[in-house]
Each structure stands twice: as structure tokens, then as C-alpha cells.
Amino acid sequence: MALTDSEFSAAFLKEATPLGKIKLAIREERYNIWIRKNKPNVSEEYLLPVLELPDGHDVRVKRRSSGGQGSDCVYVMQYSALIMGKKIVVYLKAYFEKDDGSVIGLEVQSLRNTQLTLVEDN
Amino acid sequence: MANKFCVVCEKNCEFTVEKISISVGREAFPTTAEVCKECESYKMTPKMRREMDQWGLGFTKSVVEYQPLLNETVDRYLEEIAARFNLQKTPLVKILLAFYLKDIVSADTFEGMKKWAQREDTHQYTQTGKREKKLGVGLNYIGYKELGLFCEVWNVAPAKAIEEAISFCVCLLEHGKTVSRLKEIALELEAFVAKSAIAA
């Protein structure tokens, strides 16, 4: 049973780690992937291996320089994934969307296969 | 029209609700999205993904057709295998492709199997013969998505990926049973083709 907005927001606050928060959003299918013309993002299948990452996997949390709607922080990580028989390194950059102070989902800015593209750094 | 934060422009931009269509093979999924007026980016939401899947699964016909090139050796093998299972060539290719994408590619030993298929003594079985023949292979929505992901990951064109799948599966069916580490998957493929042939 999917969580309501308020239940999701409460569960988000309970999660102690950035990775836990990202996993929660993916598990609950609360993620939007931006379809962009410059630096196109890859498909959602590249996002799902995050659920298998160990708790200690490194996630960099940085203050969002651009501000705007949503959380103050942006989450940046890289992870290895075996997709269609190929081991690739995925770059993910995302922040959490807010509505009336409640956290409602993950906004995926960049989702890239690093072997095909050069990743952005900030 | 609304002013919202655009993650691509990294500033507040004007967004308008627009009718958009997402290309799916020769079809196009029609939907609406809030599109940034400056960079034309929009969000693919879970709701859109679900609706697109529902739309795609509603097609009883194929949504795309690819035309892999078969050399005469592979073509002859395909004809022989198809006759053995009372199949036409195109349905056989779809069965081989399904097994390749769902079972072979996901096996831990995939890289090793690929190397085997590219070895000179194996390769010679399928890479000889000059004349090349096109074969039209129509895929449904699920097939289109699976093959699309494979092509994205391996950075290969769809027709080329189908050629690779055919060549690999033909090698496996014809010669895999004689290689001890491939015997099991070769038998699995044979059983899969036999079962699928009943439904085809």
C-alpha cells in the first residue's frame, strides 16, 4: 500500500541517512526524472539498483546553490550497477521536492551512465 | 502559465501545460506535461510512466520493426531450427531474442559466454557466407522496451543487437551442448524454444 503525502513526509524525516531517504523515495515510486534536451538522462532502470546498495554507500550532500523549490540540499552519488549484463557506473544527482513544507518526492536532475558521458561535477 | 523552478535552467522559469508525445517505435504516446518555456524540459512522473505502460500494453500489434541482416549461414541455421520446431523464422527470432535478453544477458557468466561466441572456432559457424538478407522483426511494447535498454547500456543499434542475439543463440543451440560449461543453458534455450513453439 503506497504511503500518503503526509505519511511519506514523516517516513522521510525518520530515515537517518541520505541513502535511506533516497531508497524510500524509490521504493515508494516517488521520483520524477527530468526529460532534458541537453545531457539527456537515462531510463529509470538505472535508478532501481540504488535499492541494493549497502547502508554505508557514500552520498555527498551539498547545499543547493541554485535554491528554488524543494529541499536545501542536493544529493550526489555514484554507484555500480549490473544492467543488461554490463557493469556500469551510474551518476545520480537529485533533491527532494516539497509541497507546503512536506517532502513529497525525489526530483532526479541527472541520471547518467558515466561510461557514455562525462558527468558534471557540481 | 506558472513560474516554477527548472532543474535544467537552475532558475525559476515559465512552465506551460502542453500536449507532448513520447516516441515509442513508430507509435507516439500522447500526454500532457508542464514544459519549461526556455529549455523544453519536463518531468517524467510515476503517473506518466504507468499510463505509458498501460497504453503500450494495449497494442496487439508490434510497435516497431527492425531489420537485422543475416548472412547466408545464419539464415540457413535459422531455417533448419525453425523447421525443427515447426516455426516461421520471424517468430523463432523473437523467441531467441526473448531468451537472450531475459536469461542469457542476466546470467553471471554472460561476459564469458560472449567471449566463447566470439572465439574463432565458434565464430566461424555464423560469420561465414557473403550474401546478406534482411529479416523484418516486429516487436511489441515490452520487447521494444527491453531491447531499448540493452541498446542503451551496450551502446549498440537495435538491428545490430538482434543480429548479435540471433548469432549467439544459433551458436548455443547448434554447438553449445558440446561445451560442458554451456550445456545447461543450451538445453534451457532448446526447452524454451520448444515450449514457445507450442504457443506461437
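1. Across all chains, the structure holds 0 disulfides, a disulfide being a pair of cysteine sulfur atoms within 2.5 Å. Keep in mind that this is a predicted model, where local features need pLDDT of at least 70, side-chain atom pairs count only at pLDDT 80 or more, and totals for chains, interfaces and linings use all residues. Residues are numbered from 1 along each chain as its sequence is written, chains are lettered from A and ligands numbered from 1 in the order in which they are written, and side-chain values use heavy atoms, with hydrogens and water left out.

2. Why is B:C6 not bonded to B:C39? The closest cysteine sulfur to that of B:C6 is in B:C39, and at 3.6 Å it is too far for a bond. B:C39 is likewise in no disulfide. Both are buried (under 20% relative accessible area with a 1.4 Å probe, protein chains only; over 50% is exposed, in between partly exposed): B:C6 sits at 0% and B:C39 at 18%.

3. Have a look at B:R49 too. B:R49 lies in helix α1 (residues 46-57) of chain B, helices being DSSP runs of H or I, at least four residues, and strands runs of E, at least two, numbered from the N terminus. B:R49 is buried at 9%.

4. The B:R49 side chain reaches the backbone oxygen of A:Y31 at 3.0 Å. With the side chain of A:E44, the B:R49 side chain makes a polar contact at 3.3 Å (N or O atoms within 3.5 Å; within protein, one must be able to donate a hydrogen and the other to accept it, and residues adjacent in sequence count only if both atoms are side-chain atoms).
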